[in-house]
Amino acid sequence: MTSLQIQYFLTVADYMSFSRAADALFVSQPSVSRQIKLLEGELGFQLFDRTQKNRISLTPAGILFQECFRGAAQSVEAARTAARELSNQTALRLRVGIGTGWELSEELRRFRSLVLSQYPQAELHFECNTFQALRQRLQANELDVTMCTKTSVMDFDGLEVRQIANPESRAYVRKGLLRPEGEPLRVEDFNGQTLFMLQEEESPMAMELALLQLQSRQVTVNPVWLPDRESIVQAVLMGDGFTVFDQYVHWRDEPRLTYYRLDDMIPICIVWRKNDHNPLIGLLADTLMGSFSRQEQN
């Protein structure tokens, strides 16, 4: 008994015609008849009643074997589908770029656990870098998805952008610099101070947006651009000025710093190429969005 014989038998049973079955199978009618006879000989039962002219029907044995073979064929197809999905899973890989300065280890651990529970063979790679480097690596197909502030994406052509968080904007400053420790900061305390922000090529519009937030509160500052976040936090810790960042920067809980809530938002998003349909990208977005949403509600 072969799979070909079973396929021929089920096709004839569906059409109740050797000639129509042969057409559907793109073979000759004698070939179909020969395979059915071989199958009947091996099973020891006649599967079709051929006594009526120009008409065939299933014998009782044929009805029984039709159910048996159809169930087996469905099981084989289900196994083939599962094997195909498993094969696809083994090929799944996601290379994630995270902007430097964020503390997201717990969120990424949660995402990794979720992925491996659904796709045990998936490969995940994480790296931190500047927004500028992440943009370049995404465009060069060296990363699959990046997480960054929305203002750091200069060119949206060919990219999908999904906002995953809308954290509050904070003005961070060294404790005791503007007011005695323990006293709450006031927005006017920042008037005339130095504002440190990232350079234009690293985070386009960052300085402009920070200045607009302060100007709307009648606060005038002295803008200074620094090359990276670590340079900024070092300058702030030294008491040379202040900076404006979101609530997820890794030094948000630095005991030497305090902050003033500006009540504006800094959208955070994930970015990937439009032709990339990797299912892990959506899973990453959903996981991070849920995590950020819980934190912002607390």
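## Pockets, a greasy patch and salt bridges

D264 forms a salt bridge with R217, and their closest N and O atoms sit 3.0 Å apart. D264 is in strand 11 while R217 is in the loop between helix 7 and strand 9 (222–226), so this pair ties together parts that are 47 residues apart in sequence. Keep in mind that you're looking at a predicted model. Below is a quick tour of its salt bridges, its two largest pockets and a nonpolar patch on the surface.

**Salt bridges**

- The count of salt bridges comes to 19.
- Back to the opening pair: D264 has a relative accessible area of 26%, so it counts as partly exposed, because that label covers values between 20% and 50%.
- Its partner R217 is partly exposed as well, at 22% relative accessibility.
- Another pair is R95 and D144, whose closest N and O atoms are 2.9 Å apart.
- That pair links distant parts of the chain: R95 belongs to strand 3 (residues 93–99), and D144 to the loop between helix 6 (131–139) and strand 5 (145–149), with the two positions 49 residues apart.
- Are R95 and D144 buried or exposed? Both of them are buried.
- D189 pairs up with R186, with 3.5 Å between the closest N and O atoms.
- D189 has a relative accessible area of 11%, so it is buried, because the cut-off for buried is under 20%.
- R186, on the other hand, is partly exposed, with a relative accessible area of 40%.
- D189 and R186 also belong to a network of salt bridges, which links them with R179, E183 and E188.

**The largest pocket**

- About 300 Å³ of space lies in this pocket.
- Its lining is made of 23 residues, and T149, T151, M197, A206 and I266 are the ones nearest the centre.
- Four elements give two or more residues each to that lining: strand 8 (194–198), helix 7 (206–215), strand 10 (242–246) and strand 11 (257–265).
- Which element gives the largest share of the lining? That's helix 7, with 4 residues.
- Sorted by class, the lining has 13 nonpolar, 6 polar and 4 charged residues.

**The second largest pocket**

- This pocket holds about 230 Å³ of space.
- Here 10 residues make up the lining, with S3, I6, A72, A73 and V76 nearest the centre.
- The elements that give two or more residues to this lining are helix 1 (3–15) and helix 4 (60–91).
- Helix 4 gives the most, with 6 residues.
- The lining splits into 6 nonpolar, 2 polar and 2 charged residues.

**A nonpolar patch on the surface**

- M205, L209 and L212 together form a nonpolar surface patch, with about 260 Å² of accessible area between them.
- Where is M205? Look for it in the loop between strand 8 and helix 7.
- M205 has a relative accessible area of 41%, which makes it partly exposed.

**A proline to find**

- P267 is in the loop between strand 11 and strand 12 (268–273).
- At 23% relative accessibility, P267 is another residue that counts as partly exposed.
- Try finding P267 and L39 in the structure: they are 228 residues apart along the chain, and their C-alpha atoms are separated by 68 Å.

Conventions:
Residues numbered from 1 in each chain as written. Predicted model: local features only at pLDDT ≥ 70, side-chain atom pairs only at ≥ 80, totals over all residues. Heavy atoms only, no water. 1 Å grid on protein atoms, 1.4 Å probe; cavity = no way out; pocket = protein on both sides within 12 Å on 5 of 7 lines; lining within 4 Å. Points joined across faces, edges and corners; volume = space filled by probe spheres on them. Nonpolar A, V, L, I, M, F, W, Y, C, P; charged D, E, K, R; others polar. Patch = residues over 30% accessible without salt bridge, like charges linked within 9 Å, V, L, I, M, F, W, Y side chains within 5 Å. Areas by Shrake-Rupley, 256 points an atom, 1.4 Å probe, with all protein chains shown as cover. Salt bridge = Lys/Arg side-chain N within 4 Å of Asp/Glu carboxyl O. Buried < 20%, exposed > 50% of the residue type's maximum accessible area, 1.4 Å probe, protein only.
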